[in-house]
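The following exercises concern the structure shown below. Each gives a task and then a solution in steps.

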Amino acid sequence: MNISEHIMAGFTYFDGGCGTILQAAGLQPGELPERWNLEHPDVIQGMHYDYLLAGVNILKTNTFGANIMKFAGEGELEGIIKAAVDNARAAINAVESRTPLPGRSDDFSKASEKHYVSLDIGPLGKLLKPLGDLDFEDAYEIFLKTVKAGMACDVDLILIETMNDIYEAKAAILAAKESGLPVFLTTAYDESHKLLTGADPKTVVAVAEGLGVDALGVNCSLGPDEMMGIVDELCEYASVPVIVNPNAGLPRTEGGKTVYDVLPEGFAKSMEQIAAKGARILGGCCGTTPPHIGAMIETVRKMTPLPLSEKQHTLISSYTHSVEFGIRPILIGERINPTGKKRLKEALRNDDMDYILQQGLLQQDQHADVLDVNVGLPEIDEPEMMIKAVTQLQAVCDLPLQIDTTDPVAMERALRRYNGKPMINSVNGKEEVMKQVFPLAKKYGGLVVALTIDEEGIPTTAEGRLKIAQNIYAKAAEYGIKKKDIIVDPLAMSISAEPDSAKITLAALKLIRDEAQGLTSLGVSNISFGLPKRDLVNGIFFTMAMMNGLSAAIMNPGSMEMMKAYRSFCALKALDENCMEYIAFTDEYEAAVASAAPAAASGDAKKPAASTVSYEGIKDEKLIPLVDTVVKGLKDKAGALTAELLAADVPAMDIIDGALIPALDIVGKGFEAKKVFLPQLLMSADSASAAFESIKEKIAAAGEKQESKGRLILATVKGDIHDIGKNIVKVLLENYGFDVIDLGKDVPPELIVETAIKENIKLVGLSALMTTTVPAMEETIKQLHEKWPECKTCVGGAVMTPEYAKMIQADRYCKDAMETVRFAEEFFSGMSS
Amino acid sequence: MGYTVKTYIADSDKLIIPGREVARYLGYSREAIMAGDELIEETIKKVRGLIAGKAVYCRYPVSFFGEDGIQMPYGAVHSSQLYDNLKGCEEIYVFAATIGAAFDRELGRAKIRSLADAALLQAAGAAAIEAVCDELNDRLREEAEAEGCSLHRRFSPGYGDYALENQKGIFEILNPSRLIGLSLMDTLIMSPEKSVTAVIGVEG
């Protein structure tokens, strides 16, 4: 019986803790326990042997920290892993041949029949990007080295344990799957039942099962009693067997030593409860000993395990939480998709990530459950942009994403990098497309959107669309993809082109729900293409679709008509407890209606400092309300007022020169005179940015190009990740009409020089917060001087002084954002004259 | 013999985060600092909900050699300023503290949404981690005073000639990544961003 069969057949027992046993045998603090495989094989074999006598099935090799970062010497890692596996095998051989180890007991009566060796892999001790600095692919490579060393030895499975970051777990699972061996995963939760990086047990199940682990569960950090809630959740959602390896209670210190307070009898009692909940792979972690595990096995052996069952929950997830389909309709925000959106197209072409991230956060505020991410434009490198969009969105937004692309390279790379279990948009009934998408979905996990179109086109009947859906389910099953991980999109098409189109789509929704018990999704707003006031039709169609069983909608959560339909539907269908969400929505609805009315200039500014100013210098009277709004820092109003002015045919340049810049000057002078301080200055800058956003929308829609007062590069230098200062400078410069190429933070000198040459840039602004990164600034300036001498530099940041700036040969030191603006004005006016 | 690293958890609701400190970080004038500021008070309130102040600390023996040599628990260090700071001490506390990753995530979002919010959060976060350190410092002082000892001023890697490189040694002995989710990057910057490591001399 191999291990995969064993876990299906009944209870399987892991061994317990290792650290406390090795410490008792003399392991010193700071000493690497993995070295003991070579230096003290007798101790390691003895530990394994004692666990086997207690009745254990699976031994964890003493390789928790065995990775190439710790054991970097030639062949060192391989040597340690081989010794570790040999030690486990030696113990198993001794027990199976009933030959006691030297000086050991010969009571084999409690030993189990079947024994397996698991290659034990622990976390790397470094945080992955964006939280830390370890790249996902580097983590994967490090794990892969350990896995390969293990594959060269006689191991039965790989156990990835004590993971406290689901992203790191994903890298480890992908590496472990390369071995072809069964892969088990256990993660470590804190008292709030979450991983360090935020995932709950349900989310871990979604991600790990998506990646194809053979068993999953929990270990370390907590004692069995503190784990009960976690075990409940794991057993509710996991279809694979659940593993529970607790500590012997919580650690405390006694006379300078770490001790655990749960004794073998208590441990066994708690594990009995855990087994009754449905866990079937049981063992221990820190503080547990052969007596703990022996007592547990003694107790649990008398029980019958609960049968395994295929759970029917359809889950997707981010790195913190999951979204379940089939309970109430799921809202998928459609705003990050360039189709028909000129402003987004422009952002994609200009690599303006901030705009894309703003769209993400905005939709999160508007209560989207999931964000669709489509960055396909013919003139950009889609795979590269997709990775950028996915990783940067995930750095700031914790909603699950829908990877939306027809480019298989972009899809694979995004699925690999994605932190969680995504939606995959899309597959369809064409053989060729299924052949491309299903292997990726199988490898990385995901909920696949299946369009009811095949080689013959889109069927004109609901039955025809159901048939394609059924073909797709069947094909998916061949790849091992379950029906619950397919969501069918029966396609909404414009009623202005095909009068029956809505009727067919609605009938298809109903058929897929009733005949196939399948989930459905629609791009709802397609229904109204070509009609005026599309929102009106969309809202009603959305209601009808939900009535016919729609499980998810790709839609604009900023549309009041759509949200009205959604909130009312949920309230009416008893999907909104006490109508709380409906009631909250009515406030948003009223606010939206109010803001749609012409914006008034006055408002309750939170900003006292600059409120008593005169606007004598403003020539054009109709611009005064906007000036006042920017001075007071009323962001939303500034955007709306600007849109109104543009709609009244006031030229964009008049608004910039006649209102925005004079307003910023008023606040800027107050700042320079120390009458206004940074937050007030920035509130005005935020307001001017909102005004600019309205201008950009208008310009993009008209297909024009914005005039620029000069282009320059900004970057936070290599090694430095502090970018608030640089961002402040950027926004103010943009508000004054400059075109900023923002290279971001931690930027290598070479990239700055290369970009300056390529874009013919004559001014580079560099920022550094820490003394340790000043050399990187100096290096950047040196390289610029060598390779692009016509370029000037200005520098700033917390550690900079005029003297420092001189020393590293910068052309100018700017003490704050306003001074940088003044310098840029001076610099570019000098260039043009 | 091993040293047991202890964990300290701050109560976010009770933490004293002075508005004046936040105003100072934001570059307010002296009069404006004294006047108080509603925006700042609101930000501090928000920050309380975002932070989970945690620290790990441990007490170790310390000895000195040569003109500026200090035998730290993780190895020998040369720093005349730390040497002066620790003179007269036979023991030190070493600690690592953080306000957690949720703050970083919110700051990341604020950077995209609103610069004003980002700058306010940034300043309030800086004041919050100082507050966590102050509170821990007070607790350690009480502990030391109960034994008739006194504490010197706390000193962090990167102050004067006590090189930032010492972060590595401190992370090795305290292992804060496992206990409080605080990790050190290759650039010697910590993640979460609002975190502090420091040494405090124990005299007497």
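**Exercise 1. Placing one residue**

In which loop of chain A is Asp214(A) found? Determine also its burial class and its contacts that are remote in sequence.

*Solution.* The model is a predicted one.

Step 1. Asp214(A) sits in the loop that links helix H8 (201–210) to strand S6 (215–219) of chain A.

Step 2. A residue is buried if 20 or more other C-beta atoms lie within 10 Å of its own, and exposed if 12 or fewer do. Asp214(A) has 19 such neighbours inside 10 Å and therefore counts as partly exposed.

Step 3. When neighbours within four places in sequence are set aside, Asp214(A) is in contact with Ser4(A), Pro182(A), Val183(A), Phe184(A) and Val240(A).

Step 4. For a separation along the chain, take Asn428(A), 214 residues apart from Asp214(A): the two C-alpha atoms are separated by 29 Å.

**Exercise 2. Overall dimensions of the two chains**

Compare the radius of gyration of chain A with the globule rule, and do likewise for chain B.

*Solution.*

Step 1. Chain A comprises 30 helices and 25 strands. Its radius of gyration is 31 Å, close to the 28 Å given by the globule rule for 833 residues, so chain A is as compact as a globular protein of that length.

Step 2. Along the principal axes, the C-alpha atoms of chain A fill a box of roughly 100 × 75 × 50 Å. Of its 833 residues, 52% count as buried. Among its contacts between residues at least 6 apart in sequence, 75% join residues at least 24 apart.

Step 3. Chain B comprises 8 helices and 10 strands. Its radius of gyration is 18 Å, which agrees with the value near 17 Å for a compact globule of 204 residues.

Step 4. The box for the C-alpha atoms of chain B is roughly 50 × 35 × 30 Å along the principal axes. Of the 204 residues, 50% count as buried, and 76% of the contacts between residues at least 6 apart in sequence join residues at least 24 apart.

Step 5. The domain assignment divides chain A into domain 1 (3–300), domain 2 (314–590), domain 3 (621–702) and domain 4 (711–832). Between the C-alpha centres of domain 2 and domain 3 of chain A the distance is 36 Å.

**Exercise 3. A sheet in chain B and the helices across it**

What is the strand order of the open sheet of 5 strands in chain B, and which helices lie across its strands?

*Solution.*

Step 1. The order is S1-S2-S6-S10-S7 (chain B), and the pairing is antiparallel. Strand S1 (6–9) and strand S7 (150–151) of chain B are the edge strands, each pairing on one side only.

Step 2. Strand S6 (residues 89–98) and strand S10 (residues 195–203) of chain B run antiparallel and are joined by 9 bridges. Within this pair, Thr98(B) stands opposite Ser195(B).

Step 3. Helix H6 (residues 115–146) of chain B lies across S1, S2, S6, S7 and S10 of chain B, at about 20° to S10(B). Helix H7 (residues 166–174) of chain B lies across S2, S6 and S10 of chain B, at about 85° to S6(B).

**Exercise 4. Backbone geometry**

Most residues other than glycine have a negative phi, and most peptide bonds are trans. Locate the departures at Pro130(A), Ser426(A), Leu491(A) and Lys533(A).

*Solution.*

Step 1. The bond joining Lys129(A) and Pro130(A) is cis, with omega about 0°. Pro130(A) lies in the loop between strand S3 (116–121) and helix H6 (136–151) of chain A.

Step 2. The bond from Asn425(A) to Ser426(A) is also cis, with omega near 15°. Ser426(A) belongs to strand S16 (residues 423–428) of chain A.

Step 3. Leu491(A), not a glycine, has a positive phi of about 70°. This residue is in the loop between strand S18 (486–489) and helix H18 (501–514) of chain A. Leu491(A) is partly exposed because 19 other C-beta atoms lie within 10 Å.

Step 4. Lys533(A), not a glycine, has a positive phi of about 45°. Its loop runs between strand S19 (519–523) and helix H19 (534–547) of chain A. With 9 other C-beta atoms within 10 Å, Lys533(A) is exposed.

Methods:
Residues are numbered from 1 along each chain as its sequence is written. Chains are lettered from A and ligands numbered from 1 in the order in which they are written. This is a predicted model: local features need pLDDT of at least 70, side-chain atom pairs count only at pLDDT 80 or more; totals for chains, interfaces and linings use all residues. Helices (H or I, at least four residues) and strands (E, at least two) are DSSP runs, numbered from the N terminus. Two residues are in contact if their C-beta atoms, placed from the backbone, lie within 7 Å. Domain bounds come from an automatic or database domain assignment. Two strands pair if DSSP finds at least two bridges between them. Axes are lines fitted to C-alpha atoms, for helices over the stretch in contact, and angles run from 0 to 180 degrees between N-to-C directions. The radius of gyration is taken over C-alpha atoms; the globule rule is 2.2 Å times the number of residues to the power 0.38.
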